[in-house]
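This report concerns the overall build and the unusual backbone geometry of one protein model. The sequence and structure are shown below.

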Amino acid sequence: MRAVITNGILVLEDRLQSGLSLVLENGKIAALQEGAPSQAGQVIDAGGRYISPGFVDLHVHGGGGYDFMDGTVQAVVGAARFHLSHGTTLLQPTTMTCTDEELRQVFSAFVQTKRAGWPMPHLHGLHLEGPWLSPVQAGAQDPSLLRLPTLDHVRQVLNDSSDITHVSAACELPGALELGDELARRGILAAIGHSDAEYNQVCAAMEHGYTHITHLYSGMSSLRSREARRYLGVVESSYLLDGLTVEIIADGVHLPPELLRLIVKCKDPGSIILVTDATRGAGLPDGSVVKLGSLSAGQDVVVRDGAAYVIDGSCFGGSVCTTDRCVRTMWKMAGVTLPQAVAMMTLNPCRVLGLDGCKGRLAPGFDGDLCIFDENVNISMVLLDGRIAVKI
């Protein structure tokens, strides 16, 4: 299979490049070259739009009326295809704090979905957000189901699925350092999330395999005082410690544009990863009341003003963001360049997942997962493995 995309602006790592055609062969990028190659096969005219790698979402719970916690193939396929239409070509279905039985249902649905028909975004693996979280920083997570990370329980959960690639946990909990060691031994990304830790505890966690921060500012400690002395929380530790990558919900609501600009000013752009943290309300109109979590055990939240909120309005009840919106927000509101914004949604998450040798770049040999979009980051086409999966 051979195709060529012409008349586009390539979004490379460090610049925008016009005048090059992107040649695809057998699902991969074969070349970037001037003009339209002869014997091109299928020719795709980008119409002067931008061409970037496909978007990668490390942290997403659902969308389009579906939540991965529903534990069905229909839910996984429905949510994944919704996000594909917004440019997501690889994602990690993310769980919430729940019972072990519910987790096993999600594990089973994930395995079955691997056999779902094309087109489907690549499902890299599962991200567990809970149950090993801090009750002080639970947010919209069910506090009655939170648990301490004992090794017996950790191993039981991890042994129930070979698809777990990412775990978020509160690193200050008893047993959390041993959890980090176990995740490192299995090659699973260990992230600090929903945590009330202080600086010394974050440093200790890094020595036990924790390298990533889950949705910076959401569900985590910040600067506090005790007996006149000040102690850094997870937020300040994230800025200070260069060995930590951070994910941010770049919807302009969870984090206002001014805060996004502060993060970019304080962290190396290469260590910033955009995530949607989207729930089933993504894509639904304002006023929609939906379940956060599974249909059977989730809580009601309402979609309004670009996010989801618990019914009493006291806190967020999840995001309704999409990956194209993340890129748009960072480019238009946070003052970064388009190549930087795209890298935060492509190359940077691929680095965190260890996939930066095959995905996240427009370069020969890389996978042909691509987005084509206009100057407002409205998606017009998505390609998976060099084939058109979405055309709008």
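The overall build is treated before the backbone exceptions.

The model is predicted: local features need pLDDT of at least 70, side-chain atom pairs count only at pLDDT 80 or more, and totals for chains, interfaces and linings use all residues. Residues are numbered from 1 along each chain as its sequence is written, and side-chain values use heavy atoms, without hydrogens and water.

The protein contains 10 helices and 26 strands, defined as DSSP runs (helices H or I, at least four residues; strands E, at least two) numbered from the N terminus. Its radius of gyration is 20 Å, close to the 21 Å from the globule rule for 392 residues, so the protein is as compact as a globular protein of that length; the radius is taken over C-alpha atoms, and the rule is 2.2 Å times the number of residues to the power 0.38. Of the 392 residues, 59% count as buried (under 20% relative accessible area; exposed is over 50%, partly exposed in between, with a 1.4 Å probe and protein chains only).

Most residues other than glycine have a negative phi, and most peptide bonds are trans. The table lists exceptions in this model.

| Site | Feature | Value |
|---|---|---|
| Trp118 and Pro119 | cis peptide bond | omega about 5° |
| Gly130 to Pro131 | cis peptide bond | omega near 20° |
| Tyr217 | positive phi | about 80° |
| Asp277 | positive phi | near 55° |

Pro119 lies in the loop between helix H2 (100-113) and strand E12 (122-123), and Pro131 in that between strand E13 (126-129) and helix H3 (151-159). Tyr217, in the loop between strands E16 (210-213) and E17 (224-226), is partly exposed at 28% relative accessibility. Asp277, in the loop between strands E20 (272-275) and E21 (289-292), is buried at 9%.
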